[in-house]
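Colleague: I would like a close look at one part of this model, and then at how the rest fits around it. Please keep it brisk and stay with what can be read from the structure.

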Amino acid sequence: EVLPLHLRGGAAVPFQQPGLNTVESRKGGMGIMLPLDGNNESEGDLYYDDGESIGSQENGDCLISHFQMIQGEISYNVMFNHWEGSDELMFTVITVLGFRDEIESITVNGVGSRNFYQDDKGMVTIYMLQLPASENWTIKLNTIQKP
């Protein structure tokens, strides 16, 4: 069965592979979907805690981060992190929607990578990532310059 998902351009959404329960879902890889707006930008926030404790935010036992795509660069910045479990969370896939320029190469934290796919409809998928949710990171989409 297909479930239609409508995203507003500019409003990025984090997601995680599902599990049978909270403990199992914490083991799944994470991702970010970045639908671009008219300025080719997108941003969003992530709040994450253990999913079981009461008062995690009030006690500071959580991870809060901000991610955005501006001028072909995806950046992820940790704003607050006092949750011990955050070291186990990994971003494994990033999807950009509405990217019209042709990509020549990408760099992940300054290191070249060939693990991306770009279709003719503006979707870019960057895969086989192991980017910790507990650390800052960047991905640069290097486009082919048109004469």
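Modeller: Start with Val 13. Val 13 sits in strand β1, which covers residues 13–16. This is a predicted model, so side-chain atom pairs count only at pLDDT 80 or more. Is Val 13 buried, exposed or partly exposed? Its relative accessible area is 33%, so Val 13 is partly exposed; buried would need under 20%, and exposed over 50%. Val 13 also belongs to a nonpolar patch on the surface. Its partners there are Leu 5 and Leu 7. Together the three have about 240 Å² of accessible area.

Now set Val 13 against a residue inside. Leu 129 lies in a loop, between β10 (123–126) and β11 (131–132). With a relative accessible area of 5%, Leu 129 is buried. What does Leu 129 touch, leaving out residues up to four places away in sequence? The contacts are Phe 91, Thr 92, Val 93, Ile 94, Val 108 and Ile 139. Asp 50 is another matter. From Leu 129 to Asp 50 is 79 residues in sequence and 23 Å in space, C-alpha to C-alpha.

Next, the rings. A pair of aromatic rings is described by two things, the distance of the centres and the angle of the planes. The count here is four aromatic pairs. One of them joins Tyr 48 and Trp 83. Their centres are 5.5 Å apart and their planes differ by 35°, a tilted arrangement. Why does this pair tie together separate parts of the chain? Tyr 48 is in strand β3 (residues 42–48), while Trp 83 is in the loop between β5 (73–81) and β6 (90–97), so the parts it ties together are 35 residues apart in sequence. Both Tyr 48 and Trp 83 are buried.

Tyr 76 and Trp 137 make another pair, and this one is stacked. The centres lie 5.0 Å apart, with 10° between the planes. Tyr 76 comes from strand β5 and Trp 137 from strand β12 (residues 137–143), so this pair ties together parts 61 residues apart in sequence. Tyr 76 is buried, at a relative accessible area of 0%. Trp 137 is buried too, at 2%. Ring pairs also bring in Phe 91, giving a cluster of Tyr 76, Phe 91 and Trp 137. Phe 91 has appeared already, among the residues that Leu 129 touches.

Charges next. How many salt bridges does the structure hold? It holds one. The side chains of Lys 121 and Asp 120 form it, at 3.9 Å from N to O. Lys 121 is exposed, with a relative accessible area of 64%. Asp 120 is exposed as well, at 70%.

Finally, the whole protein. It has two helices and 12 strands. From the N terminus, the order is β-α-β-β-α-β-β-β-β-β-β-β-β-β. The radius of gyration is 16 Å, close to the 15 Å that the globule rule gives for 147 residues, so the protein is as compact as a globular protein of that length. Along the principal axes, the C-alpha trace spans about 55 × 40 × 25 Å. Of the 147 residues, 38% count as buried. Take the contacts between residues at least 6 apart in sequence: 58% of these join residues at least 24 apart. The protein exposes about 9100 Å², and carbon and sulfur atoms supply 49% of that area.

Methods: Residues are numbered from 1 along each chain as its sequence is written. Side-chain values use heavy atoms; hydrogens and water are left out. Patches are made of residues with over 30% relative accessible area and no salt bridge: like charges are joined within 9 Å, nonpolar side chains (Val, Leu, Ile, Met, Phe, Trp, Tyr) within 5 Å. Accessible areas come from the Shrake-Rupley method with a 1.4 Å probe; for residues, only the protein chains shown count as cover. A salt bridge is a side-chain nitrogen of Lys or Arg within 4 Å of a carboxyl oxygen of Asp or Glu. Helices (H or I, at least four residues) and strands (E, at least two) are DSSP runs, numbered from the N terminus. Buried means under 20% relative accessible area, exposed over 50%, partly exposed in between (1.4 Å probe, protein chains only). Contact means heavy atoms within 4.5 Å. Rings of Phe, Tyr and Trp (its six-membered ring) pair if their centres lie within 6.5 Å; planes under 30 degrees apart count as stacked, over 60 as edge-to-face and the rest as tilted. The radius of gyration is taken over C-alpha atoms; the globule rule is 2.2 Å times the number of residues to the power 0.38.
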